[in-house]
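Thanks for sharing this one with me. Here are my notes, in numbered points, to read alongside the structure.

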Amino acid sequence: MRDPGIDKIILGTAGLGGVWGAVQPEESIQAIHEALSCGICALDTAPAYGDAEYFVGQALSQWKGTKPAISTKVGRLKSYVATEARYDYTTIGMQRSVEGSLKTLGLAQVDVLFLHEAAVLTAEIAGRVVSDMQCFKEQGVAKKIGIGGNPPNWFMPYLIEGQFDVIMEYNTLNACHIEALHSSIPICEEKRMEYYAASPLNMGLLGRKFQDFSLVVPEWLDVLTVEQARRIQTIAERYNLSLDVLALRFLLNIDASFKMVIGAANQRELHGSLNAINQGILPIDIYNEILQTFNDNR
């Protein structure tokens with residue numbers, strides 16, 4: 001089994017930026033420093049993640065070690081609530097956004113610039129937006145360009161044609177969903193693109209939000225996913241493991257090429273995720289039992 005190691009882990013900063021609740025700026029900055037001190041060498045942020053870009057910029061300006069790889073996004077505008085979204089995919093709006101991100105981060109170039117949420121694009125403007133993304137790469141403000149979010153089926157030709165370097169999807173590769181193993185990851189392997197698996201805890205359903213989401217299912221979450229989370233919770237209890245630890249370690253067993261984007265709202269949550277990852281892969285019988293839940297519920 002592949003052991004991704006800490007170099008395969010990316011720290012997502014939505015929670016640290018305040019979109020899931022109020023945060024303390026100094027604690028968010030310290031959490032970023034803690035992640036870097038533990039060996040994480042990549043950070044993912046976005047204008048839409050509250051004050052995350054600012055916190056990342058402050059952390060980078062204070063950090064004396066090796067500079068991490070930085071990815072940010074364009075298209076979705078600044079917000080402090082994860083479920084609220086505003087977008088600007090005009091050429092001038094995207095240029096303004098990228099310039100603002102670079103200034104806030106204190107960088108001349110990001111390692112990856114993601115098109116944020118291609119799913120809200122229309123087919124009429126998609127070609128121009130993709131061309132704008134390629135221009136950012138040609139101008140040197142981004143080493144690579146990617147898709148940040150789950151692309152709709154009609155958008156897939158842009159990926160198959162090799163227009164992007166990275167795909168970052170959410171809730172498509174975790175203990176509730178493994179669709180990416182049969183869809184996006186094979187495309188990435190064929191086209192030599194990178195794959196980032198975001199939301200390994202399915203927006204908290206496989207962690208601290210399990211009880212809340214089980215009692216009252218949010219509008220954005222489907223009942224079948226909650227039922228799958230309950231099956232995973234039953235397995236976790238059987239082996240005396242916490243749900244989040246089981247879910248994170250499950251991903252370490254998967255023999256595919258991808259990076260895992262973990263999230264945290266504070267240092268405590270960061271430590272919990274890193275401790276789980278440091279425990280390594282699950283015993284094969286537990287891993288197979290989780291896989292069987294997908295076969296049983298097709």
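**Notes on the strands, core and loops**

1. Let me begin with strand pairing. Strand β1 (residues 9-12) runs parallel to strand β8 (residues 259-263), and the two are joined over four bridges. One residue pair to look up here is Gly12, whose bridge partner in β8 is Gly263. Please keep in mind throughout that this is a predicted model.

2. Strand β8 has another parallel partner to look at: strand β7 (residues 194-198) pairs with β8 over three bridges. In this pairing, Ala198 has Val261 of β8 as its bridge partner.

3. Next, the nonpolar interior. The largest nonpolar core holds 87 residues, and the members that touch the most others are Leu115, Phe155, Leu173, Phe250 and Ile262. Helix α10 (residues 243-253) gives this core its largest share, with eight residues. There is also a second, separate core of nine residues, with Ile10, Val166, Met168 and Val261 among them. You will recognise Val261 as the β8 bridge partner of Ala198.

4. Phe250 deserves a look of its own. Setting aside residues up to four places away in sequence, Phe250 touches Asn174, Ala175 and Ile178, and also Leu282, Tyr287, Ile290, Leu291 and Phe294.

5. On to the aromatic residues. The whole structure contains eight aromatic pairs. Tyr87 and Tyr89 make a stacked pair, because their planes are at 15° with ring centres 5.9 Å apart. Are the two buried or exposed? Tyr87 counts as partly exposed, at 31% relative accessibility, while Tyr89, at 8%, counts as buried.

6. Phe114 and Tyr196 form an edge-to-face pair, with 5.9 Å from centre to centre and 65° between the planes. This pair links distant parts of the chain, since Phe114 sits in strand β4 and Tyr196 in strand β7, 82 residues apart. Both Phe114 and Tyr196 are buried. Separately, Trp154, Phe155, Tyr158 and Phe164 come together as one aromatic cluster; Phe155 was also named above for its contacts in the largest core.

7. Ser79 is a nice residue to zoom in on. Ser79 lies in the loop between β3 (69-74) and α4 (91-105), and with a relative accessibility of 11% Ser79 counts as buried. What does the side chain of Ser79 reach? A polar atom of that side chain lies 3.1 Å from the backbone oxygen of Val81, and the side chain also reaches the backbone oxygen of Glu84 at 3.5 Å.

8. Staying with Ser79, its contacts beyond four places in sequence are Val19, Pro47, Ala48, Tyr49, Gly50 and Glu84. The C-alpha atoms of Ser79 and Gly50 are separated by 5.3 Å, although the two residues are 29 apart along the chain.

9. Finally, two backbone angles to check. Glu117, in the loop between β4 (110-116) and α5 (123-139), has a positive phi near 65° and is not a glycine. Asn240, in the loop between α9 (223-238) and α10, likewise is not a glycine and has a positive phi of about 60°. As for their surroundings, Glu117 counts as buried at 17% relative accessibility, whereas Asn240 counts as exposed at 72%.

Terms used. Residues numbered from 1 in each chain as written. Predicted model: local features only at pLDDT ≥ 70, side-chain atom pairs only at ≥ 80, totals over all residues. Heavy atoms only, no water. Core = buried A, V, L, I, M, F, W, Y, C linked by side-chain atoms within 4.5 Å. Buried < 20%, exposed > 50% of the residue type's maximum accessible area, 1.4 Å probe, protein only. Contact = heavy atoms within 4.5 Å. Polar contact = N/O pair within 3.5 Å; in protein donor to acceptor, adjacent residues only side chain to side chain. Pairing = 2+ DSSP bridges. Phe/Tyr/Trp six-rings, centres within 6.5 Å; stacked < 30°, edge-to-face > 60°.
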